[in-house]
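Student: I am new to this structure and should be grateful for a close look at a single part of it. Please take the place where the two chains meet, and begin with a strand pairing that leads there.

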Number of protein chains: 2
Amino acid sequence: MSEARIAEQLGFLAEIDALKSVVRQSPLADRSRRENSAEHSWHLAMFALVLSDDEAVDTAHVIKLLLVHDIVEIDAGDAPIHGNHDSQAVEARENAAAERLFGLLPDDQAATFAGLWREFEAAETPEARFAKTLDRLQPLLLNTLTDGGTWTENRVTEREVHERYGPTIERGSPALWRHAKALVRRHFADSGAQR
Amino acid sequence: MSEARIAEQLGFLAEIDALKSVVRQSPLADRSRRENSAEHSWHLAMFALVLSDDEAVDTAHVIKLLLVHDIVEIDAGDAPIHGNHDSQAVEARENAAAERLFGLLPDDQAATFAGLWREFEAAETPEARFAKTLDRLQPLLLNTLTDGGTWTENRVTEREVHERYGPTIERGSPALWRHAKALVRRHFADSGAQR
């Protein structure tokens, strides 16, 4: 490795430290605070390592997609699932963020990392679909562990949970959606919240 | 995937959410707070993805080792580098933690994950050595970005930095240690701190 290459790589790695300060809506399981996007990305990579064993996907590739998928939020911010967004504006901000952030890397790696991010966003490969499944499943699990978490905060109904989480989770893994749907049912039954 | 298997897997994934609450000594690059072990693990996985391209290691395996390496801290706590530890007591606590935490997984996965953790600890495979290199390099980088970070707090000298970080970083990557040593030199030269 040349000195110049290492310097660029460490410059990128220093810059993405900022993902630890991007705060998401999801609570931690112990409700002590909200989750940040860096620890969320670690958690998702662990979801991939644990849950992909029976799926027809390349686990290592799913992990790479998940490690990289939120880095654009350093510049573009997080767009919560329960909210209204101008999706074109979000997309434009995220594209600019990808160009700046991955552009800090040596050229060959900039292209590779931007490619991983675009693959995740497009959700067309089996690995990207499964990564999207996990990115929806993890906050669902946190909500069921915290008396409804963001659902309770935003008065989200069981039907809305099905609409907002179901298609993405089921597309990557029907088995995980079956299980998740049962957890959701149990939460709404216990809480007596509106269906 | 059977329902029972998914339930065990999600139970483990819910339990390891607690790694987000294990606070390390290292500061974030913006000095807003100290780093936790979950976001540290994400950052290390990104170090592996970026820095292993010219190394003779299986990148995906390095990433798996790093995702798992700190999970035992949920029960055993973090043992900071600049401090005195009863290493036998730390080892006993970590072994018990590994047994309890990885034991939450289905049996086959419990063995696999405990194996990843033991491989990292033993630092005998090329992948584990390189993972250890990154686990030392990342806090070194954060310290150089924050006017010395934990070195300044603990009055650590340049010679002590060489002793405590050098062997582990150099063993996994002489090129990264050459670069890191220059960053350390620049920090101590700029700060006028004791060599």
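**The hairpin and the interface between the chains**

Tutor: In chain B of this predicted model, strand β1 (residues 23-27) and strand β2 (residues 34-36) pair in the antiparallel sense over 2 bridges. Within this pairing, B:Pro27 stands opposite B:Arg34 of β2(B). The two strands, β1(B) and β2(B), form a hairpin with 6 residues between them. In the turn, B:Arg31 has a positive phi of about 60°.

The relation between the chains comes next. Chain A is superposed on chain B by a rotation of 180° with 0.0 Å of shift along its axis, the RMSD being 0.0 Å. The two copies are therefore related as by a two-fold rotation axis. The same surface serves both copies, since 100% of the contact residues of chain A recur in chain B.

As for the extent of the interface, 56 residues from chain A and 56 residues from chain B take part in the contact. About 4600 Å² of area is buried between chain A and chain B, and carbon and sulfur atoms give 70% of it. Across the interface there are also 26 residue pairs in polar contact. On the side of chain A that touches chain B, the elements giving two or more residues include β2 (34-36), α2 (37-51) and α6 (107-122) of chain A. The largest share of that side, 11 residues, comes from α2(A).

The interface of chain A and chain B is further crossed by 4 salt bridges. In one salt bridge between the chains, A:Lys20 is joined to B:Glu35, with the closest N and O atoms 2.8 Å apart. A:Lys20 lies in the loop between α1 and β1 of chain A, whereas B:Glu35 lies in strand β2 of chain B, so this pair joins two chains. Both A:Lys20 and B:Glu35 are buried. A salt bridge also links A:Glu35 and B:Lys20, again with 2.8 Å between the closest N and O atoms. The pair of A:Lys20 and B:Glu35 belongs to a network of salt bridges that also includes A:Asp17 and B:Arg24.

The residue numbered 24 may be followed in chain A, where A:Arg24 is found in strand β1 (residues 23-27). Its relative accessibility is 9%, which is under 20%, and A:Arg24 therefore counts as buried. Leaving aside neighbours within four places in sequence, A:Arg24 is in contact with residues among them A:Arg34, A:Glu35, A:Asn36, A:His40 and A:Asp78.

One of these contacts, A:Arg34, leads to another part of chain A. A:Arg34 forms a salt bridge with A:Glu153, the closest N and O atoms being 3.2 Å apart. This pair links distant parts of the chain, 119 residues apart: A:Arg34 is in strand β2 of chain A, and A:Glu153 is in helix α8 (residues 149-153) of chain A. A:Arg34 counts as partly exposed at 35% relative accessibility, and A:Glu153 likewise counts as partly exposed at 48%.

A further salt bridge lies within chain B, where B:Asp108 and B:Arg5 have their closest N and O atoms 3.0 Å apart. B:Asp108 lies in helix α6 (residues 107-122) of chain B and B:Arg5 in helix α1 (residues 3-15) of chain B, so the pair ties together parts that are 103 residues apart in sequence. B:Asp108 is partly exposed, with a relative accessible area of 44%, whereas B:Arg5 is buried, with 16%.

Methods. Residues are numbered from 1 along each chain as its sequence is written. Chains are lettered from A and ligands numbered from 1 in the order in which they are written. This is a predicted model: local features need pLDDT of at least 70, side-chain atom pairs count only at pLDDT 80 or more; totals for chains, interfaces and linings use all residues. Side-chain values use heavy atoms; hydrogens and water are left out. Two strands pair if DSSP finds at least two bridges between them. Helices (H or I, at least four residues) and strands (E, at least two) are DSSP runs, numbered from the N terminus. Copies are superposed by least squares on the C-alpha atoms of residues with pLDDT of at least 70 in both. Contact means heavy atoms within 4.5 Å. Buried area is the accessible area (1.4 Å probe) that two parts lose on being put together, summed over both. A salt bridge is a side-chain nitrogen of Lys or Arg within 4 Å of a carboxyl oxygen of Asp or Glu. A polar contact is a pair of N or O atoms within 3.5 Å; within protein, one must be able to donate a hydrogen and the other to accept it, and residues adjacent in sequence count only if both atoms are side-chain atoms. Buried means under 20% relative accessible area, exposed over 50%, partly exposed in between (1.4 Å probe, protein chains only).
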